[in-house]
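Colleague: Could you walk me through the strands and the nonpolar packing here? Keep it short, please.

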Amino acid sequence: MSTAQRVFHGKFGRVALLDMDRPLVTHSHHECHVLIKASGADTFFNVNGRQVPLTDRSAVLVNAWQPHYYDFQPGAAQTQILALYIEPAWLADAQQSLALSAHPGFFSQPSIELSSKNRTMADQLIAEACSVGLVPRERIEFLLFDFLIELIEDYSQWKQLRRLGAQVRQGFRDARIRRACDYLQTHLDDPDCLTNAAQAAGLSRAHFFTLFRQDTGMTPTLVVNDARMRRAFIWLEHERSGTLGQLAESLGFSEQGHFTRFFRQHIGASPSQYRRVVDSYDACDGSIIDCSLPTRLSK
């Protein structure tokens, strides 16, 4: 059974050490995403329809909103995976141009070979995730930042995107799709939210789905599911008196078991098990470590 061994939440996003022996459903999210094998069997992810390997010497890079899933192979052994979900705003705090980490073309390729230096830096993060007791926020941020800068320098398109004057859109191009997204993300308890989102956009359901895919490259369901997972993460991180049944109801699930299955299909762990291993740094001031990207990245 897949489980979460350790999860860190903070302004940087999420760092999760996951033991995986089940596939995940196709999903997408607003963060850029880096996946590193920690131990166990070599395995695969599928990124935007392309199967890519995850091994000791290869990593998987996923751009913001890029559909992907864990492509676990039947009969394979378990793999322990370090999963990084990086908030673009955190990188932008250090250098504004790295807000481009939210751009759908930020990473140039989904599969990369890790250098010895990359591997060593990843192993330092894994070691912290495996340690006992509280890990200082500054330690996690420092290791995460240094590792990401190496990857961004070698495998991102940030310089090309900046040179071309690329901008990260605040919302999608079509105003009708933006209205629909606003509805989807604020009516998660609506049992017919997709049909009502189409109505909010002034579109038939069929035209809405077609236009949504043309404008975003995704289905509306992926956006709804991301919004549900984001709200669930916040609740699991902070809520101590409410029940999982209440959370499930607020997210539009008729039964807690349906929500548990949905959560497990997206992250690998059950909500209750995930909740037990989360370390939150949100109570801290959230300031980034004392280093600046202009001195760390070549210009």
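Modeller: Let's start with β4 and strand β7 (residues 68-70), which pair in the antiparallel sense over 3 bridges. Strands here are DSSP runs (E, at least two residues; helices are H or I, at least four), numbered from the N terminus, and pairing takes at least two DSSP bridges. Bear in mind that this is a predicted model: local features need pLDDT of at least 70, side-chain atom pairs pLDDT 80 or more, while totals for chains, interfaces and linings use all residues. Residues are numbered from 1 along each chain as its sequence is written, and side-chain values use heavy atoms, without hydrogens or water.

Colleague: Which residue in β7 stands opposite Val47?

Modeller: β4 covers residues 43-47, and its antiparallel partner here is β7. Opposite Val47 stands His68.

Colleague: And β5, how many bridges does it share with β4?

Modeller: Phe45 stands opposite Val52 in β5, and the hairpin has 2 residues between the strands, with Asn48 at a positive phi near 55°. The antiparallel pairing of β4 with β5 (residues 50-54) runs over 5 bridges.

Colleague: Which helix gives the largest share of the largest nonpolar core?

Modeller: Such a core is a set of buried Ala, Val, Leu, Ile, Met, Phe, Trp, Tyr and Cys residues joined through side-chain atoms within 4.5 Å; buried means under 20% relative accessible area with a 1.4 Å probe, protein chains only. The largest one has 57 residues, with Phe259, Phe263 and Tyr274 making the most contacts inside it. Its largest share, 9 residues, comes from α8.

Key:
Buried < 20%, exposed > 50% of the residue type's maximum accessible area, 1.4 Å probe, protein only.
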